[in-house]
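The following note sets out points for a colleague who is about to examine this model. Confidence is treated at the start, then the sheet, the helices and selected residues.

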Amino acid sequence: MKTAVPCYYHLDVEVSPERVGQVRRILAAHLRLWDLETLVEPVCRGTELLLKAIDEHATDKNTSIELWWNGQHLITAIGENDCELRPDQDLRACLEHIAVMSDGWGCCATDTGCKVIWFSQRARAGERVPLVPVAPAPSLREVLQVPREVPVAALASQSGGVLEAAR
């Protein structure tokens, strides 16, 4: 059985409408790099929904996005810095969509009163097919002498000349 290497990615971003598309492309590139092509759409869609909701409702637009991959689950967490933002009211519609799209989700407060919203997706590590080495086809039309076919005396005289040149 193939084991997956745990992966982690962290991105700090100031949310704006034009940055949402950039963040989507960045996260998609990391998921493809981790061989998680099947998770690109649900993870990017959930992140996009949260970032748009934060852009619409929050006064502090600075957020942190983190991805954790453990070989079976990908956890995406978005931390926002606005203490006034209420997930139960301001982000309710967004969280309903995330609940439907993900295997699990949650929201927790930090020590500073900010919130972290996370959701998880289950997946298996991508199966990579091992490359099979192919023997190279000979491209020379003429036969070259193999050094063993050259008389030992000729080899000794050639190496002696090399040794003399090196001194």
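1. Two strands are taken to pair if DSSP finds at least two bridges between them. On that basis, five strands of this predicted model form an open sheet in the order β1-β2-β3-β5-β4, with antiparallel pairing. The edges are β1 (7–14) and β4 (104–109), each of which pairs on one side only. Ignoring direction, neighbouring strands of the sheet are turned by 15° against each other on average.

2. Confidence should be kept in view when reading the remaining points. The average pLDDT of the protein chain is 78, and 68% of the residues score at least 70. Residues 162–167 have a pLDDT below 50, and this stretch makes zero contacts in the model beyond near neighbours in sequence.

3. The overall composition is as follows. The protein chain holds four helices and five strands, and from the N terminus on its elements run β-α-α-β-β-α-β-β-α. Of its 167 residues, 34% count as buried. Among contacts between residues at least 6 apart in sequence, 64% join residues at least 24 apart.

4. The sheet can be followed from the β1 edge. Strands β1 and β2 run antiparallel and are joined by eight bridges; in this pair, Val13 stands opposite Thr63 of β2. The next pair, β2 and β3, is antiparallel over seven bridges, and Trp68 has Ile75 in β3 as its bridge partner. Three residues lie between the strands in the hairpin of β2 and β3, where Gly71 takes a positive phi near 105°.

5. On the other side of the order, β3 (residues 73–80) and β5 (residues 115–122) pair in the antiparallel sense over eight bridges. Ile78 faces Ile117 of β5 as its opposite residue. The pairing of β4 with β5 is also antiparallel and comprises six bridges, with Ala109 opposite Lys115 of β5. The hairpin of β4 and β5 has five residues between the strands, and Gly113 in this hairpin adopts a positive phi near 95°.

6. How is helix α1 placed with respect to the strands? Helix α1 (residues 17–33) lies across β1, β2 (62–69) and β3, and runs at about 170° to β1.

7. The loop between α1 and α2 contains Asp35. This residue has a positive phi of about 70° although it is not a glycine. With a relative accessible area of 27%, Asp35 falls between the cut-offs of 20% and 50% and is therefore partly exposed. A check of this backbone conformation could be listed with the two hairpin glycines, Gly71 and Gly113, whose phi values are likewise positive.

8. What is the relative orientation of α2 and α3? Helix α2 (residues 40–57) and helix α3 (residues 92–101) pack at an angle of about 170°, and their axes are 10 Å apart. Because angles over 145 degrees count as roughly antiparallel, α2 is classed as roughly antiparallel to α3.

9. The contact between these two helices can be listed by residue. From α2, Pro42, Arg45, Gly46, Leu49, Leu50 and Ala53 take part, and they meet Cys94, Leu95, His97, Ile98 and Met101 of α3. By class, the contact of α2 with α3 comprises eight nonpolar, two polar and one charged residues.

10. Leu49 gives a view of this contact from the α2 side, since it lies in that helix and is buried, its relative accessible area of 15% being under 20%. Not counting residues up to four places away in sequence, Leu49 touches Cys94, His97 and Met101. The C-alpha atoms of Leu49 and Cys94 are separated by 6.1 Å, although these residues are 45 residues apart along the chain.

11. Is Leu95 buried or exposed? Leu95, found in helix α3, has a relative accessibility of 7% and so counts as buried. Its C-alpha atom is separated by 8.0 Å from that of Leu50, a residue 45 residues apart from Leu95 along the chain. Both Leu50 and Leu95 are among the residues through which α2 meets α3.

Technical notes:
Residues are numbered from 1 along each chain as its sequence is written. This is a predicted model: local features need pLDDT of at least 70, side-chain atom pairs count only at pLDDT 80 or more; totals for chains, interfaces and linings use all residues. Side-chain values use heavy atoms; hydrogens and water are left out. Axes are lines fitted to C-alpha atoms, for helices over the stretch in contact, and angles run from 0 to 180 degrees between N-to-C directions. Angles under 35 degrees count as roughly parallel, over 145 as roughly antiparallel, 65 to 115 as roughly perpendicular and the rest as oblique. Contact means heavy atoms within 4.5 Å. Ala, Val, Leu, Ile, Met, Phe, Trp, Tyr, Cys and Pro count as nonpolar, Asp, Glu, Lys and Arg as charged, and the others, Gly among them, as polar. pLDDT is the predictor's confidence in each residue, from 0 to 100. Buried means under 20% relative accessible area, exposed over 50%, partly exposed in between (1.4 Å probe, protein chains only).
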